[in-house]
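Q: Walk me through reading an interface and a pocket in a model. Where do I start?

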Amino acid sequence: MSVLVGKDSKVIVQGFTGSEGSFHAEQMIAYGTNVVGGVTPGKGGTTHLDRPVFNTVQDAVSKSEANVSIIFVPPAFAADAIMEAADAGIEVIVCITEGIPTKDMVIAKNYLKDKSCTLIGPNCPGVMTPGGAKVGIMPGFIFKEGRIGVVSKSGTLTYEAVDQLTKIGLGQSTAIGIGGDPVIGTSTLDAVKLLMNDPGTDGIVMIGEIGGTMEAEASHWIKEHGTKPVVGFIAGQTAPPGRRMGHAGAIVGGADDTAAAKMQIMRECGIHVAESPAQIGIVMKQALEAIIV
Amino acid sequence: MNIHEYQGKSILKKYGVAVQEGIVADSAEAAVVAAETLQKETGTGWWVVKAQIHAGGRGKGKIVGTEQRGVALAKNLDAVKEIAGNILGGTLVTIQTGEKGKLVSKVLVAQDVYYPGASDTKEFYMSILLDRKVGQNVIIYSTEGGMDIEDVAHKTPELIHKEHIDPAVGLQGFQARKIAFNLGLSGEANKQMVKFVTNLYGAYVGTDSGMFEINPVLKTSDDKIIAVDAKVNLDDNGLFRHPDYAEMRDVTEEDPTEVEAAEHNLNYVKLDGNVGCMVNGAGLAMATMDIIKLSGGEPANFLDVGGTANAKTVEAGFRIILKDPNVKAILINIFGGIVRCDRVAQGVVDAYKNIGNVPVPIIVRLQGTNAIEAKKLIDESGLEVFSAITLQEAADLVTKVLA
């Protein structure tokens with residue numbers, strides 16, 4: 001079992017023929033993802049990577065029955081691409097693009113409010129269901145099929161956590177990179193809920209960072225409704241206030257969004273907090289063993 | 001991107017927002033000329049000389065070694081000259097600048113807007129920013145203007161109002177009216193506030209801004225509503241649509257090393273610790289800083305080399321980290337996904353050789369794609385580099401080299 005994407009997903013790539021889109025589409029196909037085509041306006045009717053290119057997402061959906069889209073469109077046009085996918089009835093939209101103006105994302109998020117789709121990202125590494133589908137840019141070889149769900153704002157830090165899990169013998173059900181921008185489609189809580197309700201997931205790793213309140217919201221929900229062990233880590237314990245740490249959303253604004261404050265809330269909500277980023281795998285293993293005993 | 005008060009006000013004016021008029025000057029003489037011009041244009045008889053730095057608290061802050069405040073009233077032209085002379089070239093320390101303070105190279109000579117008239121003046125607070133929780137812009141406003149809003153929020157939270165803006169339709173007339181009435185305004189001042197809020201929000205959206213803070217917004221004695229200060233932060237991701245605003249960037253306000261790093265497409269933030277680090281990805285970079293601390297060190301920087309770490313970026317990163325004399329060790333932490341670790345390792349070896357003498361121990365942790373080949377490359381290079389594969393090994397090496 002898994003969430004969001006799996007063997008049944010029919011994936012299209014928006015920005016298919018661009019350099020990023022081509023490179024990662026090839027990698028996804030090599031991993032075994034069912035990529036059914038792509039969209040590049042003006043290149044409809046041609047083929048790319050042995051797959052059809054469509055002018056519009058609508059066209060791609062009606063001709064290829066695509067239900068998942070991954071977006072590699074440049075920042076200036078990415079919010080438009082998200083709305084196009086939603087309008088065409090795509091169920092899961094994964095936006096990789098980094099650097100989308102916040103104003104555009106505010107409008108896109110509002111547009112999605114009444115649509116029955118899930119947006120992951122933007123500015124994220126995508127979604128990975130090991131053995132099922134890779135809809136993202138993660139290195140496939142570090143993953144292993146299994147029963148741990150991963151939710152993270154970051155790219156390489158997700159790989160770090162997954163690598164630790166795999167090496168300690170814990171495979172993953174689905175890893176969800178939600179992205180580090182101020183406005184994103186799926187929050188930490190949304191992702192945690194999906195994994196908590198997934199019968200194929202036994203434990204959840206939740207990786208956050210300074211800035212915003214998403215980890216606190218997720219923690220409070222977990223305290224009330226959690227049925228599986230959750231391991232938490234917050235990056236940026238040493239980040240100074242007021243400075244943006246790479247991600248547009250990673251900035252300490254007040255007393256509530258520091259790493260220390262978030263870790264404290266996690267602890268109070270019964271989450272197993274990994275103090276060190278090198279301990280994420282081992283803390284999860286211990287948390288699972290504690291249940292069996 | 002932050003911009004100066006005078007730049008922010010020039011943008012607001014373009015959108016029809018009434019502001020306290022002023023002219024920027026970079027010398028005491030130019031300040032006097034500015035004051036005379038301003039007198040002709042606005043009729044003002046007094047002036048306010050305001051230091052232009054990217055930090056708040058200027059009015060209470062002092063120029064180092066003097067009693068000169070960063071914002072001061074001048075009642076004649078001689079005073080304009082004296083105050084501008086005191087401020088320019090001085091270092092202003094405010095509650096927001098830290099002890100080091102900031103060098104002031106420009107002053108804004110502004111009209112006096114607190115002149116007496118038919119009614120009392122009144123100061124308000126207004127800001128516009130993104131409410132991340134709901135993904136909507138929010139206008140935050142208060143009758144308690146001219147003071148630290150954090151204090152107001154703490155002591156009298158009931159005096160702070162919020163108005164969320166529906167992205168589909170933007171700010172509506174009823175919302176602007178609600179704000180004006182909640183601020184206790186009637187008659188002409190109420191009308192002017194409606195206009196002020198409407199145009200301010202138009203400016204916020206039109207400029208792709210990330211934050212506006214106008215503190216104070218002033219009701220003058222003749223019922224005008226004007227922005228006396230303007231703290232404007234533009235969304236870096238939106239700057240491609242506004243090349244004219246991108247030019248407003250003042251690199252002298254930024255750490256010179258950070259500016260240099262940006263030229264090499266490196267995302268660098270200077271910190272005060274003793275262990276430098278170079279990492280791919282922002283989240284892993286923060287986590288690496290954390291593990292340095294847990295290993296008994298203090299991070300000297302945040303440095304994200306991004307998704308294209310190669311010999312060139314690694315060398316640039318090295319040189320930037322080594323500029324900091326406090327650095328006692330460097331930790332390179334790369335998780336190769338798309339990036340191949342052996343290429344990064346080659347980059348480390350080449351950079352090491354090019355730089356010649358790296359005076360501090362270097363710990364290289366390469367994991368992911370081709371990590372084994374990378375470790376071999378480092379180990380066989382003959383360089384005095386400690387290599388690690390797991391993050392814990394890297395952490396232990398940090399402790400070891402600092403001991």
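A: The contact between the chains comes before the pocket here. This is a predicted model, where local features need pLDDT of at least 70, side-chain atom pairs count only at pLDDT 80 or more, and totals for chains, interfaces and linings use all residues. Residues are numbered from 1 along each chain as its sequence is written, chains are lettered from A and ligands numbered from 1 in the order in which they are written, and side-chain values use heavy atoms, with hydrogens and water left out.

Q: How much area do chain A and chain B bury between them?

A: The size of an interface is often given as the accessible area lost when the parts come together. Here chain A and chain B bury about 3,700 Å² (1.4 Å probe, summed over both parts). Carbon and sulfur atoms carry 61% of it. Chain A brings 53 residues to the contact and chain B 45 (heavy atoms within 4.5 Å).

Q: How many salt bridges are there between chain A and chain B?

A: Five (Lys or Arg side-chain nitrogen within 4 Å of an Asp or Glu carboxyl oxygen). One joins the side chains of B:R241 and A:D104, at 2.8 Å from N to O.

Q: Which residues lie closest to the centre of the second largest pocket?

A: Rolling a probe the size of a water molecule over the atoms shows where empty space is left. A pocket is an open set of points on a 1 Å grid where a 1.4 Å probe fits, with protein on both sides within 12 Å along at least five of seven lines; lining residues have an atom within 4 Å of a point. The second largest pocket has a volume of about 320 Å³, the space filled by probe spheres set on the points. Of its 22 lining residues, A:K109, A:S187, A:M214, B:R132 and B:K133 are closest to the centre.

Definitions and conventions:
Buried area = accessible area lost by both parts, 1.4 Å probe.
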